[in-house]
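Work through the exercises below with the sequence and the structure at hand. Each task is followed by a solution in steps.

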Amino acid sequence: LTASGYWELHGCERCPRAFESVHQSMLTFAQQIIAGDSWGLLTLPIVEHYPLSIVFFFSVLISLSLAVMNLILAVIVEKAAEARETTLKEQAAKKEKEFERAS
């Protein structure tokens, strides 16, 4: 696409160098997948020109989405476990006081 001048015709300044190095590729993926930016500008023309590349792009999208969802879920479960532990300790202390009063 870069050699055919596609990006210049569509006014994308960054597109020709988006995947020219590992650093640029990582920056492009962060921009597209994490921020949700430039899918229509960069990825769709690549997929239209190379249809099998959709497998790669969606694999990355799904992997990162699952990783972020797993991270969020882990934090929620950890906080719920801490709250349950605190509640169990409070209930045990309350029952102990009730037992001492009853004796």
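**Exercise 1. Find the contacts and the burial of glutamine 32.**

Step 1. Glutamine 32 touches Phe19, Asp37, Ser38, Trp39, Leu42, Thr43 and Phe57, not counting residues up to four places away in sequence; contact means heavy atoms within 4.5 Å.

Step 2. Glutamine 32 is placed in helix α2. Helices are DSSP runs (H or I, at least four residues), numbered from the N terminus.

Step 3. Glutamine 32 counts as buried because its relative accessibility is 1%. The classes are buried under 20% relative accessible area, exposed over 50% and partly exposed in between, with a 1.4 Å probe and protein chains only.

Before going on, note the basis of the values. The model is predicted, so local features need pLDDT of at least 70 and side-chain atom pairs count only at pLDDT 80 or more, while totals for chains, interfaces and linings use all residues. Residues are numbered from 1 along each chain as its sequence is written, and side-chain values use heavy atoms, with hydrogens and water left out.

**Exercise 2. List the largest nonpolar core and say which helix gives the most to it.**

Step 1. The core has 12 residues: Leu1, Trp7, Cys12, Cys15, Ala18, Phe29, Ile33, Leu42, Ile46, Val47, Phe57 and Val60. A nonpolar core is a set of buried Ala, Val, Leu, Ile, Met, Phe, Trp, Tyr and Cys residues joined through side-chain atoms within 4.5 Å.

Step 2. Two or more residues of this core come from each of α2 (22-34), α3 (39-49) and α4. The most come from α3, with three residues.

Step 3. In α3 the buried residues are Leu42, Thr43, Pro45, Ile46 and Val47. Their cover includes α1 (6-9), α2 and α4.

Step 4. For one core member, Ile33, the contacts beyond four places in sequence are Trp39, Val60, Leu61 and Leu64.

**Exercise 3. Describe the aromatic cluster around phenylalanine 56.**

Step 1. There are three aromatic pairs in the structure. Rings of Phe, Tyr and Trp (its six-membered ring) pair if their centres lie within 6.5 Å; planes under 30 degrees apart are stacked, over 60 edge-to-face, and the rest tilted.

Step 2. Phenylalanine 29 and phenylalanine 56 have ring centres 5.6 Å apart and planes at 55 degrees, so this pair is tilted. Since phenylalanine 29 is in helix α2 and phenylalanine 56 in helix α4, the pair ties together parts 27 residues apart in sequence.

Step 3. Phenylalanine 56 also pairs with phenylalanine 57, edge-to-face, at 5.7 Å centre to centre and 65 degrees between the planes. Ring pairs thus link Phe29, Phe56 and Phe57 into a cluster.

Step 4. Within the cluster, phenylalanine 29 is buried at 16% relative accessibility and phenylalanine 57 is buried at 5%, whereas phenylalanine 56 is partly exposed at 45%.

**Exercise 4. Locate the salt bridge and give the exposure of its partners.**

Step 1. The count is one salt bridge, defined as a side-chain nitrogen of Lys or Arg within 4 Å of a carboxyl oxygen of Asp or Glu.

Step 2. Its partners are glutamate 82 and lysine 79, at 3.8 Å, N to O. Both lie in helix α4, three residues apart, about one turn of the helix. An α-helix has 3.6 residues a turn, so residues three or four places apart point the same way.

Step 3. Glutamate 82 is partly exposed, at 39% relative accessibility; lysine 79 is exposed, at 51%.
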